[in-house]
Amino acid sequence: MHQNYIHERTFDDRVVKSLFALCKCTGLPGQCKIIDACEVTKNSCKITWEPPENDGGTPIIHYVLERREASKKTFMPVMSGDNVVEFKIKDLFVNAEYYFRVKAVNKVGAGEYLVLRNPVITEDQKRKYRSG
């Protein structure tokens with residue numbers, strides 16, 4: 001017959017606190033929570049997002065924002081290295097559709113992308129004048 005023995009030791013508070021400090025786990029940040037497009041013009045738009053709930057145990061350093069034209073397969077970088085939660089994208093093509101995605105980055109690495117579900121459509125808004 002085998003017996004399992006459990007050994008318990010007690011530590012004073014200082015040792016326990018320093019052990020917890022040494023064992024602090026860090027990892028990748030979570031996915032950003034919300035991504036949205038606003039202020040859409042014929043050649044620009046603003047993309048906003050909310051930081052992830054989980055920063056991975058270490059502060060978010062920056063975000064990576066990318067865009068993809070609906071007719072293309074590859075995302076292209078728009079902004080990287082800035083610790084901001086909104087960015088105005090300029091120099092978009094008129095009457096085009098764009099998809100955007102964003103991810104958070106901490107010192108461990110990058111989290112998963114959050115993709116804007118619906119495309120942003122840039123349109124040339126022609127003014128209507130009344131004759132008269």
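What share of the contacts in the chain with a separation of 6 or more is accounted for by residues 24 or more positions apart? In this predicted model, such residues account for 62% of those contacts. The chain holds 1 helix and 8 strands, and the helix precedes the strands when the elements are read from the N terminus, in the order α-β-β-β-β-β-β-β-β. Of the 132 residues in the chain, 28% are buried, while the exposed surface of the chain amounts to about 10200 Å², with carbon and sulfur atoms supplying 50% of that area.

An open sheet is formed by 3 strands in the order S1-S2-S5, with antiparallel pairing. Strand S1 (35-38) and strand S5 (86-89) are the edge strands, each of which pairs on one side only, and the twist from one strand to the next averages 20°. Between strand S2 (residues 45-49) and S5, the antiparallel pairing extends over 4 bridges, and Ile-47 stands opposite Phe-87 in S5.

Strand S6 (residues 97-105) contains Phe-100, a residue whose relative accessible area is 0%, so that Phe-100 falls under the 20% limit and counts as buried. When residues up to four places away in sequence are left out, Phe-100 touches Ile-35, Cys-45, Ile-47, Leu-65, Glu-66, Arg-67, Phe-75, Ile-89, Leu-114, Val-115, Leu-116 and Val-120. Ile-47, which stands opposite Phe-87 in S5, is thus one of the residues that Phe-100 touches. Phe-100 and Ala-37 are separated by 63 residues in sequence, and their C-alpha atoms lie 8.9 Å apart in space.

Methods
Residues are numbered from 1 along each chain as its sequence is written. This is a predicted model: local features need pLDDT of at least 70, side-chain atom pairs count only at pLDDT 80 or more; totals for chains, interfaces and linings use all residues. Side-chain values use heavy atoms; hydrogens and water are left out. Helices (H or I, at least four residues) and strands (E, at least two) are DSSP runs, numbered from the N terminus. Buried means under 20% relative accessible area, exposed over 50%, partly exposed in between (1.4 Å probe, protein chains only). Contact means heavy atoms within 4.5 Å. Accessible areas come from the Shrake-Rupley method with a 1.4 Å probe; for residues, only the protein chains shown count as cover. Two strands pair if DSSP finds at least two bridges between them. Axes are lines fitted to C-alpha atoms, for helices over the stretch in contact, and angles run from 0 to 180 degrees between N-to-C directions.
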